[in-house]
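The following exercises are to be worked with the sequence and the coordinates at hand. Each task is followed by a solution in steps.

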2 protein chains.
Amino acid sequence: MDTRTLDAADVPPSQPEEGTPWLTAGEQRLWRAHLEVAKLLDYQLGRELQPHNLAINDYEILVVLSEAPERRMRMTDLATATLQSKSRLSHQITRMETAGLVLRQECPGDRRGLYAHLTEQGWETMQKVAPDHVRSVRAHFIDRFTPEQLDAMYEALAPVAEHLRGLRGRG
Amino acid sequence: MDTRTLDAADVPPSQPEEGTPWLTAGEQRLWRAHLEVAKLLDYQLGRELQPHNLAINDYEILVVLSEAPERRMRMTDLATATLQSKSRLSHQITRMETAGLVLRQECPGDRRGLYAHLTEQGWETMQKVAPDHVRSVRAHFIDRFTPEQLDAMYEALAPVAEHLRGLRGRG
């Protein structure tokens with residue numbers, strides 16, 4: 001096992017078990033379809049947010065903050081909620097602060113650090129953008145499945161999401 | 001419609017059609033499950049490549065180049081194949097060149113620019129990493145579905161991937 005990483009203790013041994021089989025043709029085509037949809041959808045949704053001068057990650061921040069109590073969150077919790085590193089989030093919030101969408105403030109009496117607040121402008125931007133974004137999500141993903149497919153995909157993906165959340169939590 | 005973007009002509013009108021309905025609870029839960037799986041899986045697979053000192057995007061480049069004729073590709077084609085911008089790819093290839101995995105070279109007699117070549121070390125790295133990566137893909141995605149789910153998901157996702165590839169091609 002290669003241990004040239006600080007986090008080696010956190011990740012499973014890199015040596016494959018004997019006989020981990022290669023993907024079959026059927027498995028391979030699903031794996032590639034998943035990767036393609038994930039990547040191309042991200043690209044397309046981002047592209048359709050361009051007229052609003054928003055990146056897809058910016059939109060996600062607006063949504064998460066808008067659903068939080070008092071429309072604010074501790075930066076560390078926001079990093080966890082949006083699954084990004086603190087340093088990357090910090091850069092993003094700086095950009096969004098310049099655009100007037102959020103505000104970073106220390107919370108008096110709370111030494112656990114900075115909060116990101118949704119500004120009134122951030123709230124209005126989200127309200128304005130949301131219908132377009134829903135239209136994009138429908139056009140390029142949701143409306144392309146039958147009701148049966150919607151249910152079957154959720155049944156298949158929900159346990160995977162739960163498994164991955166568990167791993168992330170231990171990270 | 002907000003038209004403050006240079007690419008406004010390329011994207012659909014941002015005004016939603018009358019009555020684009022919000023996502024139902026069932027649609028919303030699939031949409032969130034998809035986003036979560038896409039993001040967390042990317043994170044987890046990247047994490048399990050860390051002992052090999054490879055990022056997930058690096059691994060993708062190794063795979064694409066290893067499958068190309070003469071294990072090389074024009075930089076512009078490689079950007080298209082990996083769905084990233086030329087400038088971002090260029091930064092990535094610079095890092096991978098430093099690590100000895102790829103080599104950038106002009107092709108004599110071809111004025112259409114630079115090629116990225118897989119080096120012998122890059123090829124060996126991919127061979128060494130692939131079994132671990134397959135194990136990760138199985139453990140966190142493929143082996144979590146029944147054979148029926150595998151087929152159903154492919155049937156559902158393949159047309160979406162095709163639709164999105166078409167949009168991307170027109171981009």
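**Exercise 1. Relation of the two copies**

In this predicted model, chain B can be laid on chain A by a turn of 180° and a shift of 0.0 Å along the axis, with an RMSD of 0.0 Å. State how the two copies are related, and determine through which surface the copies meet.

*Solution.* Step 1. In general, two copies of a chain are related by a rotation about an axis and a shift along it. Step 2. Here the turn is 180° and the shift along the axis is 0.0 Å; the two copies are thus related as by a two-fold rotation axis. Step 3. Of the interface residues of chain B, 100% are also interface residues in chain A, so the copies meet through the same surface.

**Exercise 2. A residue in contact with the other chain**

Determine whether B:Thr20 is buried, partly exposed or exposed, and list its contacts beyond four places in sequence.

*Solution.* Step 1. Locate B:Thr20: the residue lies in the segment before helix 1 (25–49) of chain B. Step 2. The relative accessible area of B:Thr20 is 25%. Partly exposed covers the range between under 20%, which is buried, and over 50%, which is exposed; B:Thr20 is therefore partly exposed. Step 3. With neighbours within four places in sequence left aside, B:Thr20 is in contact with A:Val134, A:Arg135 and A:Arg138.

**Exercise 3. The sheet of chain B**

Derive the strand order of the sheet in chain B, identify its edge strands, and place helix 4 of chain B with respect to the strands.

*Solution.* Step 1. Three strands of chain B form an open sheet with antiparallel pairing, in the order 1-3-2. Step 2. Strand 1 (72–74) and strand 2 (102–106) of chain B each pair on one side only and are the edge strands. Step 3. Direction ignored, neighbouring strands of this sheet are turned by 25° against each other on average. Step 4. Strand 1 of chain B is joined to strand 3 (residues 114–118) of chain B by three bridges, and B:Arg74 stands opposite B:Tyr115 in strand 3 of chain B. Step 5. Helix 4 (residues 86–98) of chain B lies across strand 2 and strand 3 of chain B, at about 115° to strand 2 of chain B.

**Exercise 4. Strand 3 of chain A**

Find the bridge partners of A:His117 among A:Arg72 and A:Leu103, and state how many residues of strand 3 of chain A are buried.

*Solution.* Step 1. Strand 3 (residues 114–118) of chain A pairs in the antiparallel sense with strand 1 (residues 72–74) of chain A over three bridges, and with strand 2 (residues 102–106) of chain A over five bridges. Step 2. A:His117 stands opposite A:Arg72 and is also the bridge partner of A:Leu103. Step 3. Four of the five residues of strand 3 of chain A are buried, and this strand is mostly covered.

Technical notes
Residues are numbered from 1 along each chain as its sequence is written. Chains are lettered from A and ligands numbered from 1 in the order in which they are written. This is a predicted model: local features need pLDDT of at least 70, side-chain atom pairs count only at pLDDT 80 or more; totals for chains, interfaces and linings use all residues. Side-chain values use heavy atoms; hydrogens and water are left out. Helices (H or I, at least four residues) and strands (E, at least two) are DSSP runs, numbered from the N terminus. Buried means under 20% relative accessible area, exposed over 50%, partly exposed in between (1.4 Å probe, protein chains only). Contact means heavy atoms within 4.5 Å. Two strands pair if DSSP finds at least two bridges between them. Axes are lines fitted to C-alpha atoms, for helices over the stretch in contact, and angles run from 0 to 180 degrees between N-to-C directions. Copies are superposed by least squares on the C-alpha atoms of residues with pLDDT of at least 70 in both.
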